[in-house]
Amino acid sequence: MSRLIVISNRVAPIAEGKPTAGGLAVGVFDALKQAGGIWFGWNGEIVEGSTPPDDVRLESRDNITYATVALARNDYDLYYRGFSNGTLWPVFHYRPDLSSYDRREYAGYLRVNEWMVARLKPLIKPEDRLWVHDYHLLPFAQACRRAGLRNRIGFFLHIPFPAEQVMATVPPHQELVEAMCEYDQLGFQTDSDRRAFTDYVRRRLGGSRVVDRAIELDGKRIGVGAYPIGIYPEEIQRLSLKHSRSRQITNLKQGLVQRRLMVSVDRLDYSKGLVERFTAFERLLETKSEHRGQVSFIQIAPPSRSDVEQYRQIRRQLESAAGRINGRFSDLSWTPLRYINKSFDRSLLMSLFRASQVGYVTPLRDGMNLVAKEYVAAQPPDDPGVLVLSEFAGAAEELEEGALLVNPYDPDGMAERLHRALTMPLPERRERYEHMLQRLNDNNLSHWRDRFLHDLQESGTPG
């Protein structure tokens, strides 16, 4: 019987029902638990030196075998910090100005992909299906083919795929896209990402379009589709009630008195548009004086990649902006902006979403952004809040008729939308919420997983 083999940069074994599991972890866990199989990748451990350990650690639980490896410090620096997050991450988020390229880092990136394939190969059976995830592993299928694996292999990109001219700012761009064409099935978050990839293949590599969901290159047909990742709305609703009467949420509501609450939750990253978001909130208080003393904004931004200077810089910018805003507008009984740099339990965050009147989700570019979907699903149906969403988040393609879409580069426009969200009448809020919730139910996490695996089974020609 065919097993499912999932490969991702990080593997963090989770226990069923734990609220801390994110969308990718939950979706992968469910797929593997149903079909049985292996979840392979880095366990987060870094071994000092330049020689990685060869052993693969195996742990079986819930019909899943977790197969993990440690990385050598040198490989972590070149493959992970270097090419993956120093080159690909900024370019794929349309910030080539923040990208840096080093041939040694690219060589390390290719080497780690090949090294991981060598560690995985002894675990693979001929009938297994491989499902590879995200930008760290673009050449993984190519390494598999070179190692003699002829299994059906699919790939899903969780972040945006950039337009052709932006992709071309990565010096080995053609090699990378050619490597991606070794997959049998490619999945992207949105139709825009899918079109960007197929346009590149047609224009730069001479590929020909067969049908909307496939492209042909050098005699091989490659499945290409958009699979917007989802959530389980009923689970989010349940989590949002878990802490709704907790001391933390109760104290928050009491502290707000009758003030309205805006909430944002993001990993601390330049792609999230946090500086622009703070500027727009400041503009709201400048131009709409009726909101002074009447609205509080909570921004939760846990630190990430603190060993990278760009991330330390954005943290300093946000701390400065928060200080300026609070210095200008605070009074003895009201602080407009609470900027918090730590993580919280996921169920507590869902309860915080439920207690807020505005979900403020405005990345400069994002593959999907599940926070937007979680905010909607967490709302009380009888009195839902309003989602203010960047048009450059993948979620905007699904939620555009219910959310208030904004351009995060336009602080005045965002301020106007925030004002509208804070003053929107209940009937309109309910109508928008019901429309978005229906989309979330129709395209939940199971739908995402099942569609991709079905298309992987039907597309391509192994070997």
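Disulfides number zero in this structure, which is a predicted model. C144 takes part in no such bond, and the cysteine sulfur nearest to its own, that of C181, is 16 Å away. Taken from the side of C181, the closest cysteine sulfur is the one in C144, and a separation of 16 Å is too far for a bond, given that a disulfide calls for two cysteine sulfur atoms within 2.5 Å. Both cysteines can also be placed by their accessibility: C144 counts as buried because its relative accessibility is 0%, and C181 likewise counts as buried, because its value is 6%.

The helices may be considered next, beginning with α6, which spans residues 173-180 and whose buried residues are H173, L176, V177, A179 and M180. When the helix is viewed down its axis, these buried residues fall within an arc of 155°, so they line one face of α6. The spacing follows a general rule: an α-helix has 3.6 residues a turn, so residues three or four places apart point the same way.

Helix α12, which covers residues 346-355, is mostly covered, with nine of its 10 residues buried. Those buried residues are R346, S347, L348, L349, M350, S351, L352, F353 and A355. As for what surrounds them, the buried residues of α12 pack against three helices, namely α8 (233-242), α9 (247-256) and α13 (370-377), and also against the strands β11 (260-265) and β12 (295-300).

Technical notes
Residues numbered from 1 in each chain as written. Predicted model: local features only at pLDDT ≥ 70, side-chain atom pairs only at ≥ 80, totals over all residues. Heavy atoms only, no water. Buried < 20%, exposed > 50% of the residue type's maximum accessible area, 1.4 Å probe, protein only. Helix = DSSP H or I, 4+ residues; strand = E, 2+ residues; numbered from the N terminus. Arc of directions from axis to C-beta. Contact = heavy atoms within 4.5 Å.
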